[in-house]
Amino acid sequence: MTTFPADFVWGTATASYQIEGAVAEDGRRPSTWDTFARTPGKVWNGDTGDVACDHYHRFAEDVAIMADLGVDAYRFSVAWPRVVPEGTGAVNQAGLDFYRRVAETCLEHGVQPYVTLYHWDLPQPLEDAGGWLSRSTAEAFAEYARITHEALGDVIGSWITLNEPWCSALLGYAAGVHAPGQQLGTRSLEAAHHLLLGHGLAVQAMRADGGEAPLGITLNLHAVRAASDSEADLEAARRYDGLGNRLFLDPLLRGAYPEDVLADTGTTEWFAERSDDLATIAEPIDFIGINYYSAHTVAAPEDGRFSDPSLPTPTPGSERVVTVDTGAEKTQMGWEIHPDGLVDVLAQVHALAPGLPLYVTENGSAWPDEVGPDGRVEDEDRRRYLEAHLEACREAVARGLPLKGYFCWSLLDNFEWAFGYDRRFGIVRVDYETQQRTVKRSGEFYRDFVARERG
Ligand SMILES: OC[C@@H]1[C@@H](O)[C@H](O)[C@@H](O)c2[nH]c(CCc3ccccc3)c[n+]21
């Protein structure tokens with residue numbers, strides 16, 4: 001059986017708004033998710049990230065848990081509203097000091113800190129000024145990235161500019177199910193462009209700042225399969241792959257937007273007017289992070305079949321695509337379980353950029369956990385999902401794909417965006433009443449798997 005390279009990175013991942021709490025402490029100012037979570041009806045049960053896992057105060061305990069699990073790396077995000085609270089202008093030293101403490105605690109435990117600079121918590125003043133629909137937000141992001149990279153470059157192992165620009169743009173500005181909750185149809189592609197521009201400007205700013213740490217971006221890629229080889233279904237798959245994957249992969253790795261997607265969405269002229277930005281967007285990077293959860297079988301709508309629920313209705317083109325239930329097992333999110341799709345998306349990126357290092361920066365599953373009388377969480381479903389996707393990583397390595405690491409989503413149960421605390425992805429349970437952490441069966445499995453593979 002293929003073994004993983006000795007330097008394969010085994011990690012866990014989290015994000016600032018989902019775990020930190022302390023939303024008004026030490027100079028942090030509101031983000032768009034503070035605003036969105038407070039908007040009635042947007043988040044399950046009216047949950048907010050006000051307290052979450054109280055990671056702001058309990059990070060040392062959480063890092064110690066990671067050390068006990070034997071992971072090599074911890075992917076966490078820096079909250080822009082802690083570092084540059086108004087989005088631009090004054091820097092909040094207490095915010096930088098917090099992340100330095102997190103990184104130093106990781107290093108003391110032999111855990112490499114991987115930082116995501118933007119995991120959706122945009123400072124509210126920037127949204128008030130247009131958010132990602134405005135080019136100035138891209139410039140503000142680059143300045144925030146430069147400040148953070150300059151302040152923490154000596155303690156951070158790798159930098160990821162953006163987490164999932166597809167979500168920020170399409171869920172935030174088209175579907176409206178994520179902050180800022182806008183439903184602007186194809187104008188959401190303008191947000192996508194400014195996110196990608198912000199990424200490129202940030203890479204240039206961090207490179208200019210010096211430092212050796214690798215720089216990359218994380219994309220949620222969708223493994224897409226046509227329900228049949230009919231022309232209509234193949235067309236649906238082209239649309240879904242275009243809007244979900246190539247709209248981001250092509251500018252980043254080929255320096256050009258996919259013409260079919262721009263044509264599909266009637267945005268060809270808007271993007272043509274900004275073609276000078278492509279050289280910045282395609283600034284060379286050191287790795288791509290891929291968040292993988294599921295594969296999608298898609299077909300053309302027929303009478304009685306509705307638009308694709310995972311491409312929320314107002315998403316451009318979703319009226320022409322439906323996802324087909326293949327009968328595969330699903331997680332509590334309703335996402336079908338297809339470990340082989342992980343290999344497919346890794347191969348898709350490798351084909352575009354041969355040799356570019358790849359990391360699975362998120363993979364995991366939500367299930368309705370039960371706590372036994374002994375306080376243990378025997379989450380066999382999550383363990384089984386994890387095992388299947390770790391074996392898919394092994395298959396990817398066996399095929400010679402440049403997969404360099406895997407980060408399990410998530411270290412902790414946490415604030416699952418519009419689902420609030422109703423959905424648990426952690427390999428460690430969080431009792432939100434007491435903030436007690438309990439390593440689940442899946443966490444023990446991950447610990448044992450990593451120890452065995454590391455040999
Ligand atoms: O939904 C689980 C995780 C989130 O908790 C992470 O913050 C986020 O990076 C992340 N991305 C995905 C896949 C894309 C997606 C996100 C939200 C909703 C639907 C699909 C799944 N997840």
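Colleague: In this predicted model, how many disulfides does the count come to?

Modeller: The model is a predicted one. A disulfide requires two cysteine sulfur atoms within 2.5 Å. The sulfur of Cys53 lies 14 Å from the closest cysteine sulfur, that of Cys408, which is too far for a bond. Cys408 is in no disulfide either, as the nearest cysteine sulfur to it, in Cys393, is 11 Å away, and by this rule the count comes to 0 disulfides.

Colleague: Is Cys53 buried or exposed, and what is the relative accessibility of Cys408?

Modeller: A residue counts as buried when its relative accessible area is under 20%. Cys53 has a relative accessible area of 0% and is therefore buried. Cys408 also counts as buried, and its relative accessibility is 2%.

Colleague: How many helices and strands does the chain have?

Modeller: Several of these elements recur in the answers below. Helix H1 covers residues 16–19, and helix H2 covers residues 32–37. Strand S11 runs over 403–409 and strand S12 over 428–431. In total, the chain has 16 helices and 13 strands.

Colleague: What radius of gyration does the chain have, and which value would a compact globule have?

Modeller: The C-alpha trace spans about 55 × 50 × 45 Å along the principal axes of the chain. For 455 residues, a compact globule would have a radius of gyration near 23 Å, and the value for the chain agrees with this, being 21 Å.

Colleague: What percentage of the residues of the chain count as buried?

Modeller: The chain exposes about 16,400 Å², of which carbon and sulfur atoms supply 50%. Among contacts with a separation of 6 or more, residues 24 or more positions apart account for 77%. Of the 455 residues, the part that counts as buried is 60%.

Colleague: How far apart are the mean positions of the positive and negative charges of the chain?

Modeller: The chain carries 38 positive and 70 negative charges. A mean position is taken for each of the two sets, and the separation between these mean positions is 2 Å.

Colleague: Where is Gln18 found, and what is the distance between its C-alpha atom and that of Ala52?

Modeller: Gln18 belongs to helix H1 and is buried, with a relative accessible area of 0%. Beyond its neighbours within four places in sequence, the contacts of Gln18 include Ala52, Cys53, His119 and Trp409. Gln18 and Ala52 are 34 residues apart along the chain, yet the distance between their C-alpha atoms is 6.4 Å.

Colleague: What is the phi of Ala52?

Modeller: Ala52 occupies the loop between H2 and helix H3 (55–69). Ala52 is buried, as its relative accessible area is 5%. Ala52 is a residue other than glycine with a positive phi, near 50°.

Colleague: Which loop holds Gln435, and what is its phi?

Modeller: Gln435 lies in the loop between S12 and strand S13 (436–439). With 7% relative accessibility, Gln435 counts as buried. Although Gln435 is not a glycine, its phi is positive, at about 65°.

Colleague: Which residue does a cis peptide bond join to Ala179?

Modeller: Ala179 is one of the contacts of Thr32, a residue of helix H2 that is buried at a relative accessible area of 5%. The cis peptide bond has an omega of about 5°. The partner lies in the loop between helix H8 (165–175) and helix H9 (188–208); joined to Ala179 by this bond is Pro180.

Colleague: To which residue does the cis peptide bond from Trp409 lead?

Modeller: Trp409 is among the contacts of Gln18. The cis bond from Trp409 has omega near 5°. The residue that follows lies in the loop between strand S11 and strand S12, and its name is Ser410.

Colleague: Where is Tyr421 found, and how far apart in space are Tyr421 and Asp229?

Modeller: Tyr421 is found in the loop between S11 and S12, and at 17% relative accessibility it counts as buried. Outside its neighbours within four places in sequence, Tyr421 contacts residues including Trp44, Ala52, Asn414 and Tyr432. Tyr421 and Asp229 are 192 residues apart in sequence, and their separation in space, C-alpha to C-alpha, is 40 Å.

Methods:
Residues are numbered from 1 along each chain as its sequence is written. This is a predicted model: local features need pLDDT of at least 70, side-chain atom pairs count only at pLDDT 80 or more; totals for chains, interfaces and linings use all residues. Side-chain values use heavy atoms; hydrogens and water are left out. Buried means under 20% relative accessible area, exposed over 50%, partly exposed in between (1.4 Å probe, protein chains only). Helices (H or I, at least four residues) and strands (E, at least two) are DSSP runs, numbered from the N terminus. The radius of gyration is taken over C-alpha atoms; the globule rule is 2.2 Å times the number of residues to the power 0.38. Contact means heavy atoms within 4.5 Å. Accessible areas come from the Shrake-Rupley method with a 1.4 Å probe; for residues, only the protein chains shown count as cover. Lys and Arg count as positive and Asp and Glu as negative; His and the chain ends are not counted. The place of a charge is taken as NZ of Lys, CZ of Arg, CG of Asp or CD of Glu.
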